[in-house]
Every structure is written in C-alpha cells, then in structure tokens.
Amino acid sequence: SNRSSLRAGLYKPTFAGFVDVDIAKTGKISLRSLIDNSVVESFGAKGKTCITSRVYPSLAIGEDAHLFIFNNGSTDVKVSELNAWEMKKPLMNGA
C-alpha cells in the first residue's frame, strides 16, 4: 500500500524529544539525523535524546529527497552548519 504523506486522511503524528540544555548558556545544540530507506533516527544534543521513526516514502527518493528544519520554540534558532552524505551500497559476498 502507498503510505506517502500526500495520501488523504493518513495519520501523521509529530514526534518529539526533550533535552535539558541551557541554549542561552551553550549558544548551540546539535542534531544528527540518519536516514536509511524507511528508518529515520535523530539524535539531539550529541545523543542525549533519540527519536526513531519508520517512514514509507514514495516520492522522496534520491534527488527528490529534501530535509526541512523548523522551529516551534519561542526563540530564534540559526542553523550554523548543515551537512549531508549519501551512503554507499553495502558490499555483499565481495561484490
């Protein structure tokens, strides 16, 4: 079945993690997200919190995949560094 986020009436939960970090003191917080086909894992504050979710993209594949960053907090946040890498295919039986 097609579980694309464009499907009408699909349950689209919001996931959250909480980290006790004084951003005013530290000036920054880290977020690392690992995406592997249908699994998305995000680690906040250098692993102090973790969110794992299963997704079933049908349109966000290869060059059509995008990352969106948003802030629902009361303080402005600046993204100072954003890196993305594509993983290579695993070697199976030496090939």
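This is a short tour of a predicted protein model, one selection at a time.

**Start with the whole chain.** Show the cartoon and follow the protein from its N terminus: the elements come in the order α-β-β-β. That makes one helix and three strands to find.

**Select residues 31–36, then 39–44.** The first selection is strand 1 and the second is strand 2; they pair in the antiparallel sense, with six bridges between them. For one rung of this ladder, click on Ile35 and look across to Val40 in strand 2, its bridge partner.

**Zoom in on the turn between them.** Strand 1 and strand 2 make a hairpin, with two residues linking them. Pick Asn37 in this turn: its phi is positive, at about 55°.

**Add residues 49–54.** Here is strand 3, which runs antiparallel to strand 2 and is joined to it by six bridges. To see one of the pairs, select Glu41 together with Thr52, its bridge partner in strand 3.

**Move to the next turn.** Strand 2 and strand 3 also form a hairpin, this one with four residues between the strands. Stop at Ala45 in the turn, where phi is positive at about 55°.

**Finish with the surface.** Switch on the surface for the full protein. How much of the accessible surface belongs to carbon and sulfur atoms? The share is 54% of a total of about 9,400 Å². Of the protein's 95 residues, 8% count as buried. As for contacts between residues at least 6 apart in sequence, 26% join residues at least 24 apart.

Methods: Residues are numbered from 1 along each chain as its sequence is written. This is a predicted model: local features need pLDDT of at least 70, side-chain atom pairs count only at pLDDT 80 or more; totals for chains, interfaces and linings use all residues. Side-chain values use heavy atoms; hydrogens and water are left out. Buried means under 20% relative accessible area, exposed over 50%, partly exposed in between (1.4 Å probe, protein chains only). Contact means heavy atoms within 4.5 Å. Accessible areas come from the Shrake-Rupley method with a 1.4 Å probe; for residues, only the protein chains shown count as cover. Two strands pair if DSSP finds at least two bridges between them.
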